Amino acid sequence: MNLGLHGKVALVMASSRGLGQAMAVSLAREGVKVAVTGRNATGLQKSVEMIEAAGGKALALSWDLSDLTVIDSMVSQVEKQLGPIDILINNTGGPPPTTAAGQDPALWQKSFNDMILSLIAITDRVLPGMRQRKWGRIITSTTSGAISPIKNLAISNTLRAALLAWSKTLSAEVAQDGVTVNIIMPGRVATDRLRELDEARAKRENLSYEAVVKLSLQQIPMGRYGDPQEYGDTAAFLASQNASFITGSVIRVDGGQIPAV
């Protein structure tokens, strides 16, 4: 299927590994020029190599999302070297596992700045150009915990739920300008982050890693973890011309796991 994306420019946040990296590679396979971001130089180089192997053009940016002052300069680099940004993939790393009660307010504030405020500010920077050109895609990757809270991930559950309301509100504001705004939500997709969470649970509950995986698979109707590329391909479709009438939506990539209707 031709997704009509050849020559478009994408900025994919937190794309030095995991789901961000998978989304960047899927876009590159469709002929998109992709700017990848992160703080891990080795991971960024790996993303560049994967994008180039897929036939795409890549730009790597070392970018700390906690620093809101660099947003304009970073976006300007993308615009100068690749062109105006047509597709924005909002994605961040996850906070440490926590309970809901008893957390330091400073941790809540830092997590809000890193995971929410940074994405809103980046979106505000690229959105005027999209609206002027009458074409744009804003796709925000969240977590299933936003609609079905995950035990011991209270900060992630709470803050990423806010992104659903923000995305839905924004989608109505820009729909007539040819800009779509959607949420993509993973279930249990086999990334390094998921392995870290499974290992933390194993340690917390005095179980083996294999036992934790077995328990997790019992909750997934398809009986397996997702492949990161399945997630990436979903993002590429949402970015495509084929998905031009999809906006304000939450798309689950979860193998049927999320129990909420």
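1. R195 sits over the face of Y209, 4.2 Å from the ring centre. K8 does likewise over W135, at 3.9 Å from the ring centre. To count, NZ of Lys or CZ of Arg must be within 6 Å of the ring centre and within 35 degrees of the ring normal.

2. A quick word on the basis: this is a predicted model, where local features need pLDDT of at least 70, side-chain atom pairs count only at pLDDT 80 or more, and totals for chains, interfaces and linings use all residues. Residues are numbered from 1 along each chain as its sequence is written, and side-chain values use heavy atoms, with hydrogens and water left out.

3. Now the largest nonpolar core (buried Ala, Val, Leu, Ile, Met, Phe, Trp, Tyr and Cys joined through side-chain atoms within 4.5 Å; buried is under 20% relative accessible area, 1.4 Å probe, protein chains only). It has 32 residues, and L11, W63, V78, I85, I122 and M130 touch the most other members. Helix 4 gives the most to this core, 7 residues. Helices and strands here are DSSP runs (H or I, at least four residues; E, at least two), numbered from the N terminus.

4. Have a look at strand 4 (residues 87-90): I87 and I89 point one way, L88 and N90 the other, and all are buried. Side chains in a regular strand alternate between the two faces of the sheet.

5. Strand 4 runs parallel to strand 1, joined by 3 bridges, and also pairs in the parallel sense with strand 5 (residues 136-141) over 4 bridges. Pairing needs at least two DSSP bridges. I87 stands opposite A10 and has R137 as its bridge partner in strand 5.

Notes
Buried means under 20% relative accessible area, exposed over 50%, partly exposed in between (1.4 Å probe, protein chains only).
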